[in-house]
Each structure stands twice: as C-alpha cells, then as structure tokens.
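Me: I am new to reading protein structures and would love a close look at one part of this one. Could you walk me through the sheet in the last domain, and then show me how that part sits in the rest of the protein?

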Amino acid sequence: MRVSVIGCGHLGAPHAAAMAELGHEVIGVELDPGTVKRLNGGRGAFYEEGLDALLQKHTPTGRLRFTTDIAEAAEFADLHFICVGTPLREDGRGYDVSQVLGAVRSLAPLLSRPCTVVGKSTVTVGTVARLQQILAAEAPAAELVWNPEFLREGHAVADSLHPDRIVAGLASPAARHAIEEVYAPILARGTELVLTDPQTAEVLKSAANAFLATKISFINAIAEVCEATGADVGDVAYAIGLDERIGHAGMRPGIGFGGGCLPKDIAAFTHRIDELGAHQAAALLTAVQDINAERLEAAVRLVATAHAAPVDGARIAVLGASFKPGTSDVRSSPALRLAGRLHQDGARVVIHDPQALEAARARHPEYTYAATAEEAAAGARVVVLGTDWHDYTADPGLPAALARLVEQQVLVDVRNAVNTGAWTGEGWQVWQPGRPPRHPAP
Ligand SMILES: NC(=O)C1=CN([C@@H]2O[C@H](COP(=O)(O)OP(=O)(O)OC[C@H]3O[C@@H](n4cnc5c(N)ncnc54)[C@H](O)[C@@H]3O)[C@@H](O)[C@H]2O)C=CC1
Ligand SMILES: O=C(O)[C@H]1O[C@H](OP(=O)(O)OP(=O)(O)OC[C@H]2O[C@@H](n3ccc(=O)[nH]c3=O)[C@H](O)[C@@H]2O)[C@H](O)[C@@H](O)[C@@H]1O
C-alpha cells in the first residue's frame, strides 16, 4: 500500500519506518528541512532505539523517503497518517491542536481521489468532529479514521511493529477496509483490532494515558506513606504487584512521570473534562498531577538528607538527562528538573547522559555537562541517578569505578533502579524514594 506519514517527530518517524518494515511504500512529510535531510540519510533527528537501523534498511531502496512537500504525499499515497504534535497550550488550558488542524487543512484541498486520512496524534475530545467538517467541505472523497497510538518512547519501533492492540474509530466499511489493509501483517498475527466510533477512540487514548499516570502516582503516593512510616515501597510494590489484577508493569516508584506525553496529556484531559462537567474525574486526575509534582520536591529533600548538609557549593553528579532510558527526548525530564532545582539551590551540578547530552545542552545551556559518568562523578559529594539507563544500572563495574573518583560515596537513586547490594558492597550509601537508606556493610 502507498502511505504517507505527516509529521515525522517522535511518533511519526518510527511509525513511518515501521510502515516500511511492514512492506508499504512510505513517504514521510516533515516541515523541518534539516530533519528531512537526516531521515533521508538514514538517521533520526533524535536517538530512539532501533530507529536508525530501520531507516538505513529502507531509505536506500526508496521504499521509505521523506519530503517537506505535502503535495507530493497527496499525489503519491492512498492513506495518510497524521502524526503532528499537540503541545499543551501556553496557558496550560488544554491542547494546542493547531498543527493537526493545519496539517489537515493543507492536505484536504490536494486530495482529489478517494483516500483515507488516519489521525494518530493525541487530541482534545471534540477535535475529530472539527476535522470531519474540514474534510467534508474540502475533500468529500476522503474517509477519516481515528487511530490513536500507544507506543512508548525508547520502544517506539518495537511497539509500532508489535502493538498490544490497534484501535480504529471509524464510520464506514471503506474506512474499515483501509485500516485492515494497512495493518494486515500485524492483524494476521492475531493482534486485536478494536473498532469503535471516532469520538470514543479519542477518549480512550486519553483514558489509557490517564490510567498509566494514575498507576505511577498511586505507587508514588504509597512511597510517601512509606517515608512517613519507615516502610519499604520496593517490597510493597513487589508484593502487591504479584496480584495479577495489579501487576508490576508501570508501577515503579520514583521521581514521578515526565516526557512529552503523560504530563501534557493528563493536564489537557483534566482541563477538558472539567470544562465538560466531569468534575469527579477531573478531581482524580488533578490529584495524580499534584502527587507527581510533589515527588520532585521529595527528591530534592532526599538529596539534601543524603548529603547531610546544605547542597550550596557542593558538587553533585546527575546521571541521566532524558525523561526515560532508550530515548534522547528531554521534554519534561524529571532528571533535568531535579538538576535544575539543585543548581538553583547553589549546587555545582554536572550532568551526564549516554544519548541525550546534545538535546539537554540545547534546552539548558546554563548547566554543566560531562562526556562520561566518571567525569561527572569526579569530586562529587552526591551522585544522583536521574534516569535509569542500563549504562548505569546494569554496569557491574560502575560502583567501583565511581567510588575511586567521588569525594563522598553517596548515591541518590531517584528511580529505585539500582541493585543496592552491588553499590553498598563497594562502600556506597544508597538513598531511594520511599525506602530506608542502605549503608555499606561495616
Ligand atoms: N511521542 C510519543 O511517544 C507519542 C506521541 N503521541 C502523540 O503524537 C503526536 C506527535 O507527538 P510527537 O511525535 O512526540 O511530537 P513531535 O513534536 O516530536 O513531532 C511532531 C512533528 O510534526 C511536525 N509537523 C508539524 N506540523 C506539520 C505539518 N503541517 N506537516 C509536516 N510536519 C509537521 C513537526 O515539525 C514535528 O517534527 C502528539 O499528539 C502526541 O501526543 C502518541 C503516542 C506516542
Ligand atoms: O501517549 C503517549 O505519548 C505515550 O505516553 C507514554 O509513553 P512514554 O511517555 O514514552 O513513556 P512511559 O514509559 O509511559 O514513561 C513516562 C514517564 O513515567 C515514568 N515511569 C514509568 C513507569 C513507571 O513504572 N514509573 C515511572 O516513573 C518514566 O520514567 C517516564 O518519565 C505511554 O506509556 C504510551 O503508551 C503512550 O503512547
């Protein structure tokens, strides 16, 4: 099938590559010419595990190509995925859906033959109805489908090729046929296709992210209880997660959720549902956000407690800048926010990240960065594990290597991610949210 992917950012670039991998002929449309050039050269504009390998497999054959010209995509493809951004409005009151409206407004007049427009961006409840109006007026032969995306950054390629389910909000047999065709290789493996109406598809995407955020805030609220009682949230999360109705996935306590999606999606959804009169749901999600904000404050306090003195003037190494491992995305990164708070409090913060240094430096040129974890840790009085990259959590030599360089062996693992025994065994004190501190064996 010939498909286009409009908007080639964190969602669109992996989606375009995955569509090529599924056997389609794909044209990606992106406003930024620099990104188009890099993608055509086989490199993403950001680090995402597995993305460059697929780009390098499919761009040389011409099966996957990128352009800034939407008319080329309109001419070429029979199905158009809309993957443009929906940032939070500047006043925080809902999404700014102007990229989605803009993309569909520029595409619609160019659609002269029957085709399918498939929305994947996460939008305010009610946006699909506005897009239906635009298409009805400008491109009556086009069918609109709402096909929300559930991929996680760091797993974007794998999630695109092996999703848990495909959701399609649609209203006609022709639209259903197009979706079944474009996802045929995935559906053939038995992946469930959930068919619904476009408005329900819109709401269920926001509900999915709201649940994921609620699960994280729930266990973080229990971390607060553990801090107040001296209990251990690690044991609590493990034991309750053995109940299969609860499960372990997505329930790691720590510094709270960040990224380009959960924080803005929960904020926008909360605002919109409150406006629509769903006040109880809005109150629940407001609490989820309040708990999340408080975990950053708790992490700042934990560093001060672990340091046992004001951080003013102290050198602090922050390992990790991206909002999670597997990506160079630093949007709403908890690690960088914590680094920023410590910097504000007068600490001499030095940040390392295996993939996100360039992105972090571009966003926060005021901080100091190091090319290696060792360089960041040299002379540090506290080492903060801010992002749970395997480079930090699965390197058996790291505790000993850093021990030789620091001024004081204090690790604050705000992700609850390290094997504490491996660090205490090398003489480190380990401090984690919601857990009693671990000290080295005497
Ligand atoms: N990042 C993620 O993991 C996921 C994102 N989403 C949703 O997908 C949407 C996109 O998110 P991201 O990819 O993270 O945003 P992003 O900001 O990384 O990418 C959006 C891209 O669209 C481009 N763009 C904007 N208008 C355009 C136009 N008219 N023509 C061509 N390109 C255009 C921008 O230049 C940008 O590169 C959002 O609604 C987000 O909530 C959904 C699931 C996962
Ligand atoms: O709509 C979206 O854009 C996407 O948002 C999230 O994906 P993502 O933001 O990539 O990352 P998550 O893995 O959900 O992590 C979000 C944040 O929560 C944190 N987190 C995650 C899991 C956990 O147990 N504890 C925890 O603190 C992560 O470190 C990260 O900062 C959802 O997981 C995706 O299903 C969804 O498609």
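Reply: Happy to help; here is a walk through the sheet, followed by its surroundings. Keep in mind as you look that this is a predicted model.

Let's start with where to look. The protein is divided into domain 1 (2–196), domain 2 (206–292) and domain 3 (298–431). Find the open sheet of six strands, whose order is β11-β10-β9-β12-β13-β14, with parallel pairing. At its edges are β11 (368–369) and β14 (429–431), and each of these pairs on one side only.

Now zoom in on one pair of neighbours. Strand β9 covers residues 315–319 and strand β12 covers residues 382–385; the two pair in the parallel sense over four bridges. To see this in the model, find Ala 317, which stands opposite Val 383 in β12.

Next, look for the helix that packs on this sheet: α13, residues 279–307. Helix α13 touches β12, β13 (410–413) and β14, and its direction makes about 165° with that of β13.

A database record also covers this region. In an unreviewed entry, UniProt lists residues 317–420 as "domain: UDP-glucose/GDP-mannose dehydrogenase C-terminal". Over residues 317–420 the chain is 33% helix and 17% strand, and the C-alpha atoms at the two ends are 18 Å apart.

How does domain 3 relate to domain 1? Taken over C-alpha atoms, the centres of domain 1 and domain 3 are separated by 37 Å. The contact takes eight residues from domain 1 and eight residues from domain 3. On the side of domain 1 that touches domain 3, the residues divide into two nonpolar, three polar and three charged.

Finally, the two ligands make good landmarks for the rest of the model. Around ligand 1 there are 26 residues, and the closest are Gly 7, Gly 9, Leu 11, Ser 121 and Thr 122. Helix α5 (residues 98–107) gives the most to this shell, with four residues. By class, the shell around ligand 1 has 10 nonpolar, 12 polar and four charged residues.

Ligand 2 is surrounded by 22 residues, the closest being Glu 153, Arg 252, Phe 257, Gly 259 and Cys 261. The elements that give two or more residues to its shell are α10 (198–229) and α12 (262–275), and α10 gives the most, with three residues. The shell around ligand 2 divides into 10 nonpolar, six polar and six charged residues.

Note on methods:
Residues numbered from 1 in each chain as written. Chains lettered and ligands numbered in written order. Predicted model: local features only at pLDDT ≥ 70, side-chain atom pairs only at ≥ 80, totals over all residues. Pairing = 2+ DSSP bridges. Contact = placed C-beta atoms within 7 Å. Axes fitted to C-alpha atoms, helices over the stretch in contact; angles between N-to-C directions. UniProt positions renumbered as here; feature names shortened; annotations may be inferred. Near = placed C-beta within 6 Å. Nonpolar A, V, L, I, M, F, W, Y, C, P; charged D, E, K, R; others polar. Domains from an automatic or database assignment.
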